[in-house]
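Hello,

Here is the structure I promised to pass on to you. Have a look at it, and then read on for what turned up in it.

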Amino acid sequence: MSAEKYYVTTPIYYVNDKPHIGHAYTTILADVLANYHRLLDMPTYFLTGTDEHGQKVQQAAEKNGMTPQEQCDQTVVRFQELWKRLEIKHDDFIRTTEKRHTTIVQKVLQDLYDRDEIYRAEYEGMYCVGCERFFTEKDLVDGNCPDCNRPVDKIVESNYFFRMSKYQDWLIDYIESNPDFIQPAFRANETLGFLKNKELQDLCISRPKSRLSWGIELPFDQDFVTYVWFDALLNYITAVGYGSDDEMFKKWWPCSTHLIGKDILTTHTVYWPTMLKAMGVELPESIFAHGWWLTGRTKMSKSLGNVVNPMEMIDNYGVDAFRYFLIAEMTLGQDASFTEEAFIRRFNSDLANDLGNLTNRVLNMTSRYLDAKLPEVNAAVVEAEGTPEAEVWAGVQAAVSEMETAIPKMKLDYAIGQVLAAIRGVNRYLEQKAPWTLGKNGETEELGVTLYTAAECLRVCAALLYPVMPEKMSALRGGLGMTDTKPQLDKLTTFGVLAAGSTVTQPDALFPRIDVKKLEAEKKAAAEAEKAQKKAEKKEKKKVEPSKDGLISFDQVMAVNLKTAKILEAEQIEGTDKLMKLQLEVGEEKRQIVAGIALHYTAEELVGKIVVIVANLKPAKLRGVKSEGMLLAASVGDKLTLVTTDGELPSTGAAVK
Ligand code: MSP
């Protein structure tokens, strides 16, 4: 890493939907890294933004009945609001629909076209709408997209291509001779494997407007727009002045770290470097791919209804605790599991117990026994050999140096673990010295040494955690009587920074312990209230639409959207004897439905069945499990059979009339 500056980026996020935990994670990670570098007094630039073109956004707009620009303008606000709430201090937020970006993208395209790096050709390929990528027949897995497993379309069309293939050998060589370029190392091997095992194709960088109109128009052919990835990747340079502000560009480029999720490795480690090479621009110093957040062991997905909503977590547990959990829990590079139980466990042990207790002890006892004034204590107490003071201070200093080496290696969870170990060491020190007894016995001098040493240790630990929890750690510094809320990392190795005579105050409880029983009771009450409300609404609805003669109109029948669906997976819901959780394929869509059929069918009997569902039923939660639709069944007495079709249809999703 170059020592003069630090430039960090997040991927720019698609504005087809609201932000989720994956987006929040990368942005918090970038913020934490930027904060550490700012504390080191290093000029730091942190860029994030939104990816606003392409099929995904156009389709979302169509679905929501708005123009693509309206879709962008509405959704971008949700990202910007979340970043504000998460205390994200980015230096810039780029939107790819901004002129400062689109004009430079066109300039780059024109230049590459003029230099024959881009050419026009006829192309036939298998296209995945969801991933917006072409694949060859060989790439497909069981005829489906190798990335998302959805069906692909065969498309023949004229398009523009970037001569990516000619850079294959150069890129292999570059990655091999720059071991830090792609991190972690196993991801570099993944890219190398990809590059060495197959011939790199030229990259299709256009989309005919007849198929997709929402994009940046090619400057040399107005019938086409730019492929969204070719446009999006350029944000990393257009935002820092490429082609518009040479001085700024020189200051920040090359980027220190592009943070990305593992799913966008190829675009960043193959497309992006070859694009830069063709443009004659230096490559970024590193690209770091982190793993995925899972719910337990399952992938988060909208259809499974298990996506963590960052806003809810913040509302329930606070911003800093949420930031802390994400950074402490994920070993960078690997997948991690997010469950509320794990969150509460870590909150109660690390924050409420270890850090919270230490803070309370130091501040309470200084108030009670020393009139809230920090005493004068000589640094000699930690310099003397073998004293408890020297030992506890050494533990804290070890955390300082671990942090220093861990940050450039992106071992944040490890570094935080070291800080927590140091904090537990200070708590042990207090138990050993028992200042409460010293206070009662009037041993004021020894008490002063003890509390001051603990306060100094706390100051250093709070500074190390400040980049992760800026708000709470500022409050803690205030409690220790410090007037500057932001720490300086160069003061971390000096003992005696807290001024003698300054007054300590007790901030509001930093991390009040989460009472699990109380929380469960609250949740139960909320669920019951929701149930009661739904029941009341149902009753009300019945009142509003009385069926006078028991008959319904043709329009009412037509309003019910019945479709065929195939049962892919079935699983009885734990703790119930009737409810079955089903995963269904409804045409190209996947859905989850909870049905009360477990007394009549086993899971094995259900898988593979073609059934009829009410597809436009309002989603609901049954026993906390999301259900999107309803299965049709016929029943007499205690017998029940599912309504199915006469002979299997070629595909699911057929309308039932
Ligand atoms: N727009 C592209 C990126 C272009 S960058 C030039 C994109 N956007 S995205 O909104 O779909 O995803 C952004 C990031 O979120 C990706 O890095 C992806 O890995 C990450 N995540 C999405 N779900 C995730 C988890 N469940 N866990 C962690 N991160 C995941 O791709």
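Of the 657 residues in the chain, 50% are buried. Please keep in mind as you read that this is a predicted model.

On the outside, the chain exposes about 31800 Å², and carbon and sulfur atoms supply 49% of that area. Taken along the principal axes, the box that the C-alpha atoms fill comes to roughly 90 × 75 × 40 Å.

You will have plenty of elements to look through: the secondary structure comes to 22 helices and 26 strands. As for how the chain contacts itself, take the contacts between residues at least 6 apart in sequence: 73% of these join residues at least 24 apart.

The charges may interest you too. The chain has 78 positive and 94 negative charges, and the mean positions of these two groups lie 6 Å apart.

If you would like one place to zoom in on, try the open sheet formed by three strands in the order 16-15-17, where the pairing is mixed. Its edge strands are strand 16, at 298-299, and strand 17, at 336-337, each of which pairs on one side only. Strand 15 covers residues 293-295 and pairs with strand 17 in the parallel sense, over two bridges.

And which residue in strand 17 is the bridge partner of W293? That would be A336, so to find this pairing on your screen, select W293 and A336 together.

Enjoy exploring!

Best wishes

How values were computed:
Residues numbered from 1 in each chain as written. Predicted model: local features only at pLDDT ≥ 70, side-chain atom pairs only at ≥ 80, totals over all residues. Heavy atoms only, no water. Helix = DSSP H or I, 4+ residues; strand = E, 2+ residues; numbered from the N terminus. Buried < 20%, exposed > 50% of the residue type's maximum accessible area, 1.4 Å probe, protein only. Contact = heavy atoms within 4.5 Å. Areas by Shrake-Rupley, 256 points an atom, 1.4 Å probe, with all protein chains shown as cover. Lys, Arg positive; Asp, Glu negative; His and termini not counted. Charge placed at Lys NZ, Arg CZ, Asp CG, Glu CD. Pairing = 2+ DSSP bridges.
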